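Here are a few notes to read alongside the model, in case they help you find your way around. Have a look at the structure, then follow the points below.

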Amino acid sequence: MTSVCFGDHGREFLLVQTARLGNSGNIFIIARQDYTREEGRDKFVFEPLLSWTVRDWISLEVSADAEKVQGESLNYEATVPGIRIRLTPKGKPLEMGVAARYDVSADSQSNDTLKISGLGTYQVNGWLLGANLNYKKQKGIKQEWGFAMGVKRELRHHLSLGLEVSGSLEEKKSGEVVAGLYYELNHGMQINAGVGTGFNSDVDFTAKTAFI
């Protein structure tokens, strides 16, 4: 089994979600941190996430989103329950699924947000490809469509290198591109890290890590 196979928690990438789920009863704890340099200001985003594979085709998750902008205090943004469903047979080269998240805003002045993603994953030899079609709707604000795509290649056992891109499909197309390194520390523990930049946006530099 190649290193691109060991995850099976839907978080094999940094920007892209996959349709790959673990075995029934699996529990994953994911600690994610993002750093962004935008318009001369530093921003840190923290997203601890707990995922439970109820069955090998469905998982439930909940995360807590917080951010720290340069010159401001740490701000708790939202509590986010979610669900992920694999729609195709497990273990096939091509797997399809759907994920939904509901951002419950911690600010009474802000509206909650619904996010739905179509998930596609294809594995061939030492390559893993992922693609998402994303929909977001916040009350009082026009719906927004976006995308995410990623590819990674095994360099050696338990170590892969990849490239990811995500962005908006609206009139002003913008997003970010990230080069990532994905490493399995030991059985059941993985760390993903990447650096990148924005395109058609104010993002100058971004760095991301995820410990799973």
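1. Let's start at the surface of this predicted model. Leu87, Leu94, Met96, Tyr122, Val124, Trp127 and Leu129 make a nonpolar surface patch of about 630 Å². At least two residues of the patch come from each of strand S5 (94-105), strand S6 (113-124) and strand S7 (127-138).

2. Trp127 is a good residue to click on here. This tryptophan sits in strand S7. With a relative accessible area of 38%, Trp127 counts as partly exposed, because that class covers values between 20% and 50%.

3. Next, please turn to strand S9, residues 159-168. Seven of the ten residues of S9 are buried, so the strand is mostly covered. On one side, S9 pairs with strand S8 (residues 144-156) in the antiparallel sense, over ten bridges; Arg153 has Leu161 as its bridge partner in S9. The hairpin formed by S8 and S9 has two residues between the strands, and His158 in the turn shows a positive phi of about 70 degrees.

4. S9 also runs antiparallel to strand S10 (residues 175-186), with nine bridges joining them. Ser160 stands opposite Tyr182 of S10, and the hairpin from S9 to S10 goes through six residues.

5. Is Ser168, in strand S9, buried or exposed? Ser168 is buried, at a relative accessible area of 10%. A polar atom of its side chain lies 3.0 Å from the backbone nitrogen of Glu170. Beyond its neighbours within four places in sequence, Ser168 is in contact with Glu144, Trp145, Gly146, Phe147, Lys173 and Ser174.

Technical notes. Residues numbered from 1 in each chain as written. Predicted model: local features only at pLDDT ≥ 70, side-chain atom pairs only at ≥ 80, totals over all residues. Heavy atoms only, no water. Patch = residues over 30% accessible without salt bridge, like charges linked within 9 Å, V, L, I, M, F, W, Y side chains within 5 Å. Areas by Shrake-Rupley, 256 points an atom, 1.4 Å probe, with all protein chains shown as cover. Salt bridge = Lys/Arg side-chain N within 4 Å of Asp/Glu carboxyl O. Helix = DSSP H or I, 4+ residues; strand = E, 2+ residues; numbered from the N terminus. Buried < 20%, exposed > 50% of the residue type's maximum accessible area, 1.4 Å probe, protein only. Polar contact = N/O pair within 3.5 Å; in protein donor to acceptor, adjacent residues only side chain to side chain. Contact = heavy atoms within 4.5 Å. Pairing = 2+ DSSP bridges.
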